[in-house]
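Subject: Structure handover

Dear colleague,

Here is the structure we discussed, with the notes I made on it. Please look it over before reading on.

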Amino acid sequence: MKIEKKPSVAVYKLSSCAGCQLELLNLEPYLLDILEVLDIRYFPMAKREAGSGPYDLGLVEGAVTSGEEIIRLKKARADCRLLVAFGSCACYGGLPSMKNWVAERLVEERVYPNLAAVHSIKAYGIDEYVKVDAYLKGCPVSRDELVDFIKGVLLGTKPYLRPHSVCVECKLHENLCLFVTEGQPCMGPVTTAGCGALCPSHGRVCEGCRGPANDANPESLVETFEEYGLTRADITRRFRKYAGMTPEFERGAVSS
Ligand code: SF4
Ligand code: SF4
Ligand code: SF4
């Protein structure tokens, strides 16, 4: 994956809250170094001038929710040597994908006063439409993973993207398990690590924002959630909040 010269970078936005782009701008201790080593050419949220492609690296934030976005995404794919799904919206559909289980028209009516110009479609991650070279998960992306990834691109090394569950990081932090000791409905056992068990470390259950871990066992988690007294609708909502379009979390949603 190594890029020899100073890599040119484009940052795109589809349907998203811009929080992942903000995390890129929030890399304050590294920002000046990053500008030294990356040629950030296209980044409408941060730069007035837009340098033209082709680019070495494209970061795509957001889910695809309209035909116009499919066209923009395909152009981004054609313009970028490496294309990265940047954040859970781009990886799995993320928060926008919560609408996929409601009639499209009902969702549109809740948001737009005039529906004449609205042509939305189900929210998918970007690999539904184009080949993706790497996935940076999380809502928002983890700054540490982002820095690791940039180093990997510059050095030609494989970034360390964690396959195990949030529980592993939670144990490494020596947190008291909210799930086992307090019976709280934590998605940590089925969610991929990389955030440093951020939420349980602050006394809150994991909501599953990074999507499924390798070898996730959603059916078993559903059984325990039911023992804890969660309703089926509650359990389904938990599995569909960020990554309900993935086969693993959909298994959890339908088995509840
Ligand atoms: S993944 Fe989360 S933070 Fe990033 S753009 Fe989507 S909603 Fe915003
Ligand atoms: S609190 Fe959640 S993430 Fe932490 S060990 Fe327990 S189940 Fe896993
Ligand atoms: S603990 Fe869960 S919800 Fe919180 S940041 Fe990590 S993956 Fe996301």
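In H3, the buried residues (under 20% relative accessible area, 1.4 Å probe, protein chains only) are Glu69, Ile70, Leu73, Ala76, Arg77 and Asp79. The cover over these buried residues of H3 includes strands S1 (8-13), S3 (55-61), S4 (64-66), S5 (80-86) and S6 (120-124). Helices (H or I, at least four residues) and strands (E, at least two) are DSSP runs, numbered from the N terminus. H3 covers residues 67-79, and its 13 residues should span 18 Å at 1.5 Å a residue; the end C-alpha atoms are 19 Å apart, which agrees. The expected span is 1.5 Å times one less than the number of residues.

This is a predicted model: local features need pLDDT of at least 70 and side-chain atom pairs pLDDT 80 or more, while totals for chains, interfaces and linings use all residues. Residues are numbered from 1 along each chain as its sequence is written, chains are lettered from A and ligands numbered from 1 in the order written, and side-chain values use heavy atoms, without hydrogens and water.

Leu161 is in the loop between helix H6 (143-155) and H7. Leu161 counts as partly exposed because its relative accessibility is 32%, and partly exposed runs between buried and exposed (over 50%). Outside its neighbours within four places in sequence, Leu161 is in contact (heavy atoms within 4.5 Å) with Tyr135, Leu136 and Glu145. Its C-alpha atom is 9.3 Å from that of Thr192, 31 residues away along the chain.

Regards
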